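Student: I have a structure open and a list of terms I only half understand. Can we go through them one by one?

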Amino acid sequence: MIKITFPDGNVKEFEKGTTPYQIAESISPRFAADVLAAKVNGNKWDISRPIDEDAKIELFKWDSPEGKHAFWHSSAHLMAEALQELFPGVKFGIGPAIENGFYYDIDPGEHKITAEDMPRIEKKMMEIAARKQPIVREEIAKADALKMFGEKGEVYKCELIDELEDGTITTYSQGGFTDLCRGPHLPSMAPIKAVKVTSLAGAYWRGDEKRQQLVRVYGITFPKKKMLDEYLVMLEEAKKRDHRKLGKEMELFTFSPTVGQGLPLWLPKGAALRDRLEQFLRKIQKEYGYLQVITPHIGNKMLYVTSGHWAKYGKDSFQPIKTPEEGEEYLLKPMNCPHHCEIYKAFPRSYRDLPLRLAEFGTVYRYEQSGELHGLTRVRGFTQDDAHIFCRPEQIKDEFLKVMDIILYIFKALDFKNFEAQISLRDPNNKEKYIGSDENWKLAEQAIIEACAEKGLNATQVEGEAAFYGPKLDFMVRDAIGRKWQLGTIQVDYNLPERFELEFTGSDNQKHRPVMIHRAPFGSMERFVAVLLEHTAGKLPLWLIPEQAVVLPISEKFNDYAFEVVKELDKHGVRAIVDDRNEKIGKKIRDNELKKIPYLLIVGEKEQENGEISVRKQGEGDKGSMKIVNFADALNAEVEAMTSGEAQADKK
């Protein structure tokens, strides 16, 4: 018999060799029918795989990330089998589950796979799923794996196998298809009831532009057709909200192949929007004692060798810049933190100087593969709202609370209501992966846990997800149509203070190492603007939107008065424009509502005589006539409530 411990601490005995599915069945046959994956002693586990020793078990259904991962990972194998049947001789690269579905990279050989083949692939996948073939896991020796895949001409699989250690290799088979895979997978393809092949793209093998270009086939599956229908509706809504489309319509940003891929050009309205976001955060940071700094766009290569970024991210950086001085090389700045360490190091520091909070809207550059570039969300040059807090270990909790205040304040002001938080802790059973003393780790982890508790933040704790240099807290926001984005991160770092030999003199007159907290509420200005545009469908908050109001003269006779209104509004800090086109007022109203301008101010003879404007609010209709100054005061009060009214309550 073996002892199985459930998440609630209950322990039950089962026969050795019992599977997670059988354990779920002992709870309830209905529950077992919904279980898709398991964890056994923290390891991902097939629900059909026997357990041979005492273990802690977790069982996952569709509504969990782990359940979806097993479902979509199995679906990637289903797609591969369909491709194998439809296009004999194709070679397979990798086929992982992703956040929404899965993909498989294939070398089509002599075949040409196009969008016209997508319905055929879907039909074949459903046909194979209906066969309800069992998915069988097998442990295999490295030599046998190389022979098996080599005989099939699977050169990409053989390359992957070459890098694996003997004794760690497993395959999964269903029907006539066998794949190299760690799993976990469903017991069979039977639960897959709805399939959609979503797109085709090019992808270089292992992300290397010098290697073979493969075809990447994206797909998604569901256990019910209704779920697929809902997903397709969401996709259509996502197309309308695409920030690239909205950015063009709203004249915020553009790209130029002459300037270079992944290098956005901010147009006047977009630059003004960015500036408002920056000023908003600068004001908050000033209240919290941050000091603004500026660092160069390049740095000596040795700076990043010292920090460890060259070893870890060198391949993702732009190539070094050589100078006339022999052996001297510089890099376009991929990170701001090494520069901030050098600012800290510029003067002797005492315990009385800490915490020291350094902030910078620092532009950094990373060489993203051309196939991975996407609008503002994946670019090669971007500006981080970066800050680094240098503090004593015992100050971590207070600093965490303050950074959480800032992040929650921003979420409130920008109407991000639906978010989750995750505390990433180190793996207690594998401490050699991490740097820093047990004492410091315990102090840092406890500080984050206590800070979340004090804020009433129901954060999930995940062991083994910490960075090698320290624990962290990540905020995942769900937008208006349910997509998840990571916005806001707070990370504790013992690594850089050690590498840069940062010190402060303690109250005991001895030298001590500070702890470093990395923090970026927006993440990057580019990605944040993209997420905000898609979340709001372009209907930005009143305090951010480029034009808060548009003045609509009912005929050309009132154009001069319309411009006087704009001039007066500008004196009161209201951003307004005039639509002086020779069009009927009804058309002007319709056109400007489509532009998502919040307030439409209509002026004619009566308004001109009384020094007034007739106010119409987007989505709410007519609000009546009022004096220009009264409208400006009301609008500014609305803005103030958004940025320091209800939102400010969280900060206090």
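Tutor: Start with helix H14. This is a predicted model. Helix H14 (residues 438–455) lies across S22, S23, strand S24 (472–478) and strand S25 (484–493). H14 runs at about 160° to S22.

Student: What makes H14 roughly antiparallel to S22?

Tutor: The angle is about 160°. Angles over 145 degrees count as roughly antiparallel, so H14 and S22 qualify.

Student: Which sheet holds S22?

Tutor: An open sheet of 8 strands, ordered S16-S20-S21-S28-S25-S24-S22-S23. Its pairing is mixed.

Student: What makes strand S16 (291–292) and strand S23 (460–463) edge strands?

Tutor: Each pairs on one side only. Helix H9 (residues 268–287) also packs on this sheet. H9 touches S16, strand S20 (356–365), strand S21 (381–391) and strand S28 (515–520). Its direction makes about 160° with that of S20.

Student: How do you know that strand S22 (residues 419–425) pairs with S23?

Tutor: Count the bridges. Pairing needs at least two. S22 and S23 have 4, and they run parallel. Within this pair, Gln422 stands opposite Thr460 in S23.

Student: What holds paired strands together in general?

Tutor: Strands of a sheet pair through backbone hydrogen bonds, either parallel or antiparallel.

Student: Which sheet has the order S9-S10-S11?

Tutor: An open sheet of 3 strands, with antiparallel pairing.

Student: Why is one side of strand S9 (136–139) and of strand S11 (177–180) left without a neighbour in the sheet?

Tutor: Each stands at an edge and has a single partner strand, so one side stays free of a neighbour in the sheet. From one strand to the next, the twist averages 25°.

Student: How do you know that S10 and S11 pair?

Tutor: Use the cut-off of at least two bridges again. Strand S10 (residues 170–174) is joined to S11 by 4, and the two run antiparallel. For Thr171, the bridge partner in S11 is Leu180. Helix H3 (residues 65–86) lies across S10 and S11, at about 130° to S11.

Student: Why is H3 called roughly perpendicular to helix H4 (residues 118–130)?

Tutor: They pack at about 110°, with axes 9 Å apart. The range for roughly perpendicular is 65 to 115 degrees. The angle falls inside, so H3 is roughly perpendicular to H4. The crossing is right-handed.

Student: Which residues meet there?

Tutor: Among them are Leu78, Met79 and Glu81 in H3, and Ile121, Lys124 and Met125 in H4. The contact divides into 9 nonpolar, 1 polar and 4 charged residues.

Methods: Residues are numbered from 1 along each chain as its sequence is written. This is a predicted model: local features need pLDDT of at least 70, side-chain atom pairs count only at pLDDT 80 or more; totals for chains, interfaces and linings use all residues. Side-chain values use heavy atoms; hydrogens and water are left out. Axes are lines fitted to C-alpha atoms, for helices over the stretch in contact, and angles run from 0 to 180 degrees between N-to-C directions. Contact means heavy atoms within 4.5 Å. Angles under 35 degrees count as roughly parallel, over 145 as roughly antiparallel, 65 to 115 as roughly perpendicular and the rest as oblique. A crossing is left-handed if the near helix is turned anticlockwise from the far one by less than a right angle, and right-handed if clockwise. Ala, Val, Leu, Ile, Met, Phe, Trp, Tyr, Cys and Pro count as nonpolar, Asp, Glu, Lys and Arg as charged, and the others, Gly among them, as polar.
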